[in-house]
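User: I have a model open and want to go through its contacts and exposure. Please keep the answers short and reasoned.

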Amino acid sequence: MTSIRSVMGLLSLLMLVGCAEYEGDPRFGEAVRNNIALHSVTPPGQGSTAPTALDGAPTKAAMDNYIYSYLHPQSLSSSLSVGMGAAAAGAGPTAAPVTNPTGSY
């Protein structure tokens, strides 16, 4: 019976030690708080409001290639048969046009 009381007393002391305030290094956790701040999204109104600058001709060419890739998809057989006999002898995919002067696809 006394051993149960001593174990319970020791357990209660250990639980109280867990409630003690930490008085160690004041910079403890500073790296974590800094990383959280660096990876957080800036709230609206506090960041830069300058628009992202894009060059007209390369942007139009990229959008044309993007649209063309969906309207004229390449077959998967050419990429799956790389280095397999006759399929590798010039039956590869053709490149998408860089620009489309008419604007139609």
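User: Which helix holds both Tyr 66 and Tyr 70?
Analyst: This is a predicted model. The two tyrosines are four residues apart, about one turn of the helix. The helix that holds both is H3.

User: What geometry does the aromatic pair have?
Analyst: The structure holds one aromatic pair. The ring centres of Tyr 66 and Tyr 70 lie 5.2 Å apart, with the planes at 70°. Planes over 60 degrees apart count as edge-to-face. The pair is therefore edge-to-face.

User: Is Tyr 70 buried or exposed?
Analyst: The cut-off for exposed is over 50% relative accessible area. Its partner in the pair, Tyr 66, is at 48% and counts as partly exposed. Tyr 70 has 61%, so the class is exposed.

User: How many salt bridges does the structure hold?
Analyst: Lys 60 forms one with Asp 64. Arg 27 forms one with Asp 25. The count for the structure is two.

User: How far apart are the closest N and O atoms of Lys 60 and Asp 64?
Analyst: Both residues sit in helix H3, which covers residues 56-71. They are four residues apart, so about one helical turn separates them. The salt bridge has its closest N and O atoms at 2.9 Å.

User: Which class of exposure does Asp 64 fall in?
Analyst: Lys 60, across the salt bridge, is partly exposed at 44% relative accessibility. Buried requires a value under 20%. Asp 64 has 8%, so it counts as buried.

User: What separates the closest N and O atoms of Arg 27 and Asp 25?
Analyst: Arg 27 is exposed, at 57% relative accessible area. Asp 25 is partly exposed, at 38%. A salt bridge needs the nitrogen within 4 Å of the carboxyl oxygen. The pair qualifies, with a separation of 3.7 Å.

User: What end-to-end distance does helix H1 show between its C-alpha atoms?
Analyst: Helix H1 runs over residues 2-17, which makes 16 residues. At 1.5 Å a residue, the expected span is 22 Å. The model agrees with that, because the end C-alpha atoms are apart by 23 Å.

User: How many residues of H1 are buried?
Analyst: Take Met 8, which is found in helix H1. Met 8 is exposed, with a relative accessible area of 51%. The helix lies largely in the open, because the number buried among its 16 residues is zero.

User: What is the area of the nonpolar surface patch that includes Met 8?
Analyst: Besides Met 8, the patch is made by Ile 4, Leu 10, Leu 11, Leu 14 and Met 15. Patch residues need over 30% relative accessible area, and Met 8 passes with 51%. The patch covers about 650 Å².

User: What share of the exposed area do carbon and sulfur atoms supply?
Analyst: The protein has four helices and zero strands, in the order α-α-α-α from the N terminus on. Of its 105 residues, 5% count as buried. The protein exposes about 9,400 Å², and the share from carbon and sulfur atoms is 66%.

Note on methods
Residues numbered from 1 in each chain as written. Predicted model: local features only at pLDDT ≥ 70, side-chain atom pairs only at ≥ 80, totals over all residues. Heavy atoms only, no water. Expected span 1.5 Å × (residues − 1). Buried < 20%, exposed > 50% of the residue type's maximum accessible area, 1.4 Å probe, protein only. Patch = residues over 30% accessible without salt bridge, like charges linked within 9 Å, V, L, I, M, F, W, Y side chains within 5 Å. Areas by Shrake-Rupley, 256 points an atom, 1.4 Å probe, with all protein chains shown as cover. Salt bridge = Lys/Arg side-chain N within 4 Å of Asp/Glu carboxyl O. Phe/Tyr/Trp six-rings, centres within 6.5 Å; stacked < 30°, edge-to-face > 60°.
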